[in-house]
Amino acid sequence: MTRLLPAALTFAFVFAGLPCARAIESAASLATFSVDVTIPIGHACMGGGIAPARRIAEPLHARGFVLTVPGQSAFVVVCFDWCEIRGSAFDDWRTALAQEAGTQPQRVLVCSTHVHDAPVMDPEAEFLLRETEKSGAWKKLAPPDPKSAIQIASVCWPDFNRICIQRARDAMRAALKTSRRVTHLGIGRAEVKQIASNRRFVLPGGGLSYGRGSRSGVDAASAGAPEGDIDPWLRTLSFWDGDTPVCALHSYAVHPMSYYGTGEVSIDFVGLARVRRQAEQPEVFQIYATGCAGNVTAGKYNDGSPASRAALTDRLHAAMREAWTNTQKHALNAPTFRLSEIPLGARDTADHTEPVLRHRLANDPKPFARAHAAMGLAWYQRVKSGHHIDLPAIDFGPAQLLLLPAETYVEFQLYAQELRPGSFVMCLGYGECGPGYIPIERAWRENDSNLRDWTWVGPGSEEPLRRAIRDVLAP
């Protein structure tokens, strides 16, 4: 359902679909901020699914902006070099940043790039692990594996998340004191060459495979098959003060992994491309967000080598530069805001019921199996509390900016663009990440192998998400 907005926003909401938005009576302003959110050595990466942090290859940052428009509450967009943010951590980030910006949490768009050598923040899952492991039942089934890099199950360190929130509040407070006037909006795009490929591909014998992972380039069938359903365009949304650019937000739909899992904390090729773009255009604040990439990887073009990481970085950076060259400016009119709620449930298939997960949490000898079960149970608890996921959209007139949850499949991003074919629709993925993969129904029918884990919503999730997208994009 579409949520009702405060009375002060009614005018903007009612006229959201008009071709010409209401002009801003006085100049809008933009404050940009960046904060270091690099995890400490020993912190879990990817929710405990791979080796914990052993060394820092590149620092992790949360980069964002506060857009203040006269007569409206501010908008906040912040993108993390983290894997995911879930549960109360997602709520806490939105609430804290909203308080600092003087706005509502629903107008704070928080997302992650989904790099894997980085944290999953899920305090409820970590609490479940700590409480359950006091019993030590799992130790009776099998001793720890001396060859494993992971001996103790852990999803995250909640105290570190709280430290990062305070750092971000401090950074935002300082940034708001030096806000820049913005008068124009820029939109540009470029086709990305030889990065993205869908996990789903047709085998030489005619069968289907969903096995094109992030580093499948060494597999002849995966590398030789067509790219499949992807969004080939990188989009860049920018803010300008007259002819002076202030900030650029880039988005592209692909899992951002080249090689990972050794404990080397990294921003991977998407972050490296952003850093390179920042270095060559230091006067423009650069942000990168991953689009809806639950079923899109670099697997066709990536063999997991350092050379592949460098090549992927080069290609993405080239697209960022081309999108900037192709940018067209529009007067920045008063944006409008829509918000829809998505009633996604909890998965209830044979091996993903709540009792099954509780048994796994208490008894499985594999640390990540226990961590995975804890994340699933944390989502069950959130659903039981009556929680619905927010889907916010900022409509600038010539461009729309949407935040979609979790590992949404790319078909939802393509659907959003189909609804507004004459507009510039930018989708940010990996908002609230508790649900895990959110697939289309075809994936369930075809037994998508990726849905065996990291998926805590069940069949039937496609239509509620499509309905929410329609609600926020309908003219």
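Helix H5, residues 158-176, lies across three strands: S1, S3 (61-68) and S4 (75-80). Measured against S1 alone, the helix runs at about 145°. Keep in mind that this is a predicted model.Now look at the sheet under that helix contact. Five strands make up an open sheet with mixed pairing, and their order is S6-S4-S3-S1-S8. At the edges sit S6 (108-112) and S8 (180-182), each of which pairs on one side only. Neighbouring strands in this sheet are turned by 20° against each other on average, ignoring direction. Follow S1, residues 28-36, over to S8 and you'll find three bridges joining the two, which run antiparallel. If you want a spot to check on screen, Ala28 stands opposite Val182 in S8.

Step past the end of S1 and you come to Val37, in the loop between S1 and strand S2 (55-56). Is Val37 buried or exposed? Its relative accessible area is 0%, so Val37 counts as buried. Leaving out residues up to four places away in sequence, Val37 touches Leu60, His61, Ala62, Phe80, Trp82, Phe160, Cys164 and Arg167. Val37 and Arg277, by contrast, are 240 residues apart in sequence and 20 Å apart in space, C-alpha to C-alpha.

Next, the aromatic rings. How many aromatic pairs does a search of the whole structure find? The search finds 10. Take Phe80 and Trp93: their ring centres are 4.7 Å apart and their planes stand at 75°, so this pair is edge-to-face. Phe80 belongs to strand S4 and Trp93 to helix H2 (residues 87-101), so the pair ties together parts that are 13 residues apart in sequence. Phe80 is buried, at a relative accessible area of 0%, and Trp93 is buried too, at 1%.

Trp240 and Trp324 make a stacked pair, with 5.3 Å from centre to centre and 10° between the planes. Trp240 lies in strand S13 (residues 233-241) and Trp324 in helix H8 (residues 306-325), so here the parts tied together are 84 residues apart in sequence. Both Trp240 and Trp324 are buried. There's also a cluster, in which ring pairs link Phe65, Phe239 and Phe396.

Some rings have a charge for company. Which ring does the charged end of Arg63 sit over? That ring is Phe285's, with the charged end 4.1 Å from its centre. Over at Tyr259, Arg309 lies over the face of the ring, at 3.7 Å from the ring centre.

Last stop: helix H7, residues 268-280. Its 13 residues reach 19 Å from first C-alpha to last, close to the 18 Å expected at 1.5 Å a residue. Which residues of H7 are buried? They are Asp268, Phe269, Val270, Gly271, Ala273, Arg274, Arg277 and Gln278. An α-helix has 3.6 residues a turn, so residues three or four places apart point the same way. The buried residues of H7 pack against strands S3, S14 (244-252) and S16 (285-290), and against helix H8. You've met two of those elements already: S3 is one of the strands that H5 lies across, and H8 is where Trp324 lies.

Definitions and conventions:
Residues numbered from 1 in each chain as written. Predicted model: local features only at pLDDT ≥ 70, side-chain atom pairs only at ≥ 80, totals over all residues. Heavy atoms only, no water. Pairing = 2+ DSSP bridges. Helix = DSSP H or I, 4+ residues; strand = E, 2+ residues; numbered from the N terminus. Axes fitted to C-alpha atoms, helices over the stretch in contact; angles between N-to-C directions. Contact = heavy atoms within 4.5 Å. Phe/Tyr/Trp six-rings, centres within 6.5 Å; stacked < 30°, edge-to-face > 60°. Buried < 20%, exposed > 50% of the residue type's maximum accessible area, 1.4 Å probe, protein only. Lys NZ or Arg CZ within 6 Å of the ring centre and 35° of its normal. Expected span 1.5 Å × (residues − 1).
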